[in-house]
Amino acid sequence: MSSVFSRLSTYWALGIPNLARVGAYRLAVRAGVHPVQRLKGAVAQGPFFKPRPSAAPMHAIARDDWKAFGPWFGTHSFPAESPPDWHVNPFSGSRADSGRNWFELGDFDSKIGDIKTIWEASRFDWLIAMAQRAALGDQEELDRLNRWLADWSSNNPPYKGVNWKCGQEASIRVMHLALAALILDQVCDAQIGLLTLVKTHLARIAPTIGYAIGQQNNHGTSEAVAMYIGGSWLSAVGDAAGELWARLGRKWLEERARSLIATDGTFSQYSLNYHRLMLDTYSLAECWRSQFALAEFSPKLYTKMIAATRWLYQLVDRGTGDGPNMGANDGARLIALTATDYRDFRPSLQLAAKLFLNRRAIAESGSWDQQLIWFGLPVEGPPLPAPESVTFDDGGLHVLRHASAVAYLRYPRFSFRPSQSDILHVDLWHRGVNLLRDGGSYSYAASVEETAYFSGVASHNTVQFGSRDQMPRLGRFLFGRWPKALDVDRVAISPEKVRAGAGYRDHNGCRHFRSLDLQSGILHCHDILYGNAEQAVVRWRLPPRDWKLKNNTLTDGKYRLEFSVESEFFELYINRGLESRYYMSKSIVFSVEIHVKTPASIHTIVRF
């Protein structure tokens, strides 16, 4: 009965209209009557791009990857001297069926592994690097990108194989094709082959956008942007279908901003990387709209973009560009016009701040300015004021800043489905060093055990009651019985310290309240635990250093953690854990674990 109630209450929280959209789509596809299953299309023929007719922007610099080797998910290197096999998982060598209709292929096939490893090369990130080099006069790179596009088109005929399976993947290709056209200055006089390729993709995206909207995530925003950009592009060259697609894309762009972005800027997926992905798509839409003098979006959309930009500004370390490994992370990065690391969020932040706030997020000049240069935006401008401590209550996030340290505390404000069991997780950063850290995602097609670990409570700096997760798991990507926040203490600032706190009660009646005090060189965390769990464990996940534990104190010689516990039972030891800072990548970290019986009061002091 409890399991049934968990499912019913969760389905209600997901929203009946969203379930109806997803259910109707799946039933129609299963029955073979969905319009998308009747699509036909011809293979687009090159050349797709010609030499840039004008000089590239002054001070523009091209990326230097995708020559001998190319990066998968921003970190894995595979040969790139010739086009890849578009249907092979390069991590395992397994090959997917390329001859069947996309809707006849499953999402999870143990024989080929994670389908995203195949999709990655078909996101056309390589096209951006090659287009930049071609724009700066490299004829060989122009020939090369045309060969790669021709090879992709011939080996991925519409609508066969796994690379046509996902509307969002098709949308990412449209966005990158449009970006390449901007880089090479040939939107208005685009080659027939390029326009054919764009139209073939929009025909795939449009019939299933209802399914994307029902997901309540980045699928809807990505597909709306692709429809808007691609549709307006086709309309401008006289294709009647383009205007309809552009209107549909614009409609959903506006609606998704209203529905998925909270007043305080929080995005529906509670994820730093997915927030960047969403913001990048809107930034690209705004650049496209502005450069071709299309009608402005609504004031409400711009208000949401301003809030979303300010949210990202609070989570990016300006010295390194990195940020908390918070929420799900599938390795996605769009409009990558710089050679910066995948985990450097400054280029996206700089672009969004210029577009929506007319400010510089990063005052100093650097590689992050390449986004502005390639889009022809003014590089100069006043900087944003330094970020301050703040509570994002719509999304359940405290940000505490003091001197050179910043601490983040997550708490449950779930208007949308949570993807990770990270309630009351704490991230701590000091001078760009992530001292208390999140475990990440690793892979969406990992084993059951790995999936449970990376998205579960064990890979976060919080409390686990008994051996269970904070929420019952109803599926690979779905938790049930979402808790509500209790006793939220919003950020309070005094000259000596910054303080905040929050609590919750889980579905078994256990309660956890956590408060943070951040002051000069010290983070003090106080955990209060109640409930019927025989045992609970507090975990603190630490960077890979030479940690030594002695007399309830853990140190590596530079940083120190001190523990004080009131409980009937108390045990403290160091354990090994895993973290994934890049998709399909995992490494060893250390975790200090405090085992207690409830009720318990635990004080943790971190000195840095």
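1. Before the numbers, one convention: helix axes here are lines fitted to C-alpha atoms over the stretch in contact, and angles run from 0 to 180 degrees between N-to-C directions. Keep in mind, too, that this is a predicted model. With that in hand, take helix α6 (residues 167–183) and helix α11 (residues 272–291): their axes come within 12 Å and cross at roughly 40°. Angles under 35 degrees would count as roughly parallel and 65 to 115 as roughly perpendicular, so α6 and α11 are oblique to each other. The crossing of the two helices is left-handed.

2. Which residues make the α6 and α11 contact? On the α6 side they are Gln168, Met175, Ala178, Leu179 and Leu182, and these meet Leu277, Thr281, Leu284, Trp288 and Gln291 of α11. Sorted by class, the contact of α6 with α11 comes out at seven nonpolar and three polar residues, with no charged ones.

3. Now for the enclosed space. Rolling a probe the size of a water molecule over the atoms shows where empty space is left. In this model the count is seven cavities of 30 Å³ or more. The largest cavity has a volume of about 170 Å³. It is lined by 14 residues, and Gly74, Glu120, Asp125, Gly331 and Arg333 are the closest to its centre. The lining of the largest cavity splits into six nonpolar, three polar and five charged residues.

4. The second largest cavity has a volume of about 60 Å³. Its lining holds 13 residues, with Arg333, Ala336, Pro347, Ser348 and Gln371 nearest its centre. If you want to find this cavity by secondary structure, look to α11 and α13 (346–357), the elements that give two or more residues to its lining. By class, the lining of the second largest cavity has five nonpolar, four polar and four charged residues. Two names come back here: Arg333 is among the residues closest to the centre of the largest cavity and is also listed for the second largest one, while α11, the partner of α6 in the crossing, gives residues to the second largest cavity's lining.

5. On to a pocket, which is an open set of points. The second largest pocket has a volume of about 350 Å³. Of the 16 residues that line it, Arg481, Trp482, Pro483, Lys484 and Arg505 lie nearest its centre. Two elements, α1 (2–14) and β11 (485–493), give two or more residues to this lining. What does α1 give to the lining of the second largest pocket? Four residues, the most of any element. The class split for the lining of this pocket is eight nonpolar, three polar and five charged residues.

6. Some backbone details to check by eye. Most residues other than glycine have a negative phi, and most peptide bonds are trans. Where are the cis bonds listed here? One joins Gly46 and Pro47, with omega about 5°, and Pro47 sits in the loop between α2 (16–31) and β1 (69–72). Another runs from Thr598 to Pro599, with omega near 0°; Pro599 is in the loop between β20 (587–596) and β21 (600–607).

7. Last, a phi value. Ala403 has phi near 55°, which is positive in a residue other than glycine. Ala403 belongs to the loop between β4 (397–402) and β5 (405–410).

Conventions
Residues numbered from 1 in each chain as written. Predicted model: local features only at pLDDT ≥ 70, side-chain atom pairs only at ≥ 80, totals over all residues. Heavy atoms only, no water. Parallel < 35°, antiparallel > 145°, perpendicular 65-115°, else oblique. Left-handed = near helix turned anticlockwise from the far one by under 90°. Contact = heavy atoms within 4.5 Å. Nonpolar A, V, L, I, M, F, W, Y, C, P; charged D, E, K, R; others polar. 1 Å grid on protein atoms, 1.4 Å probe; cavity = no way out; pocket = protein on both sides within 12 Å on 5 of 7 lines; lining within 4 Å. Points joined across faces, edges and corners; volume = space filled by probe spheres on them.
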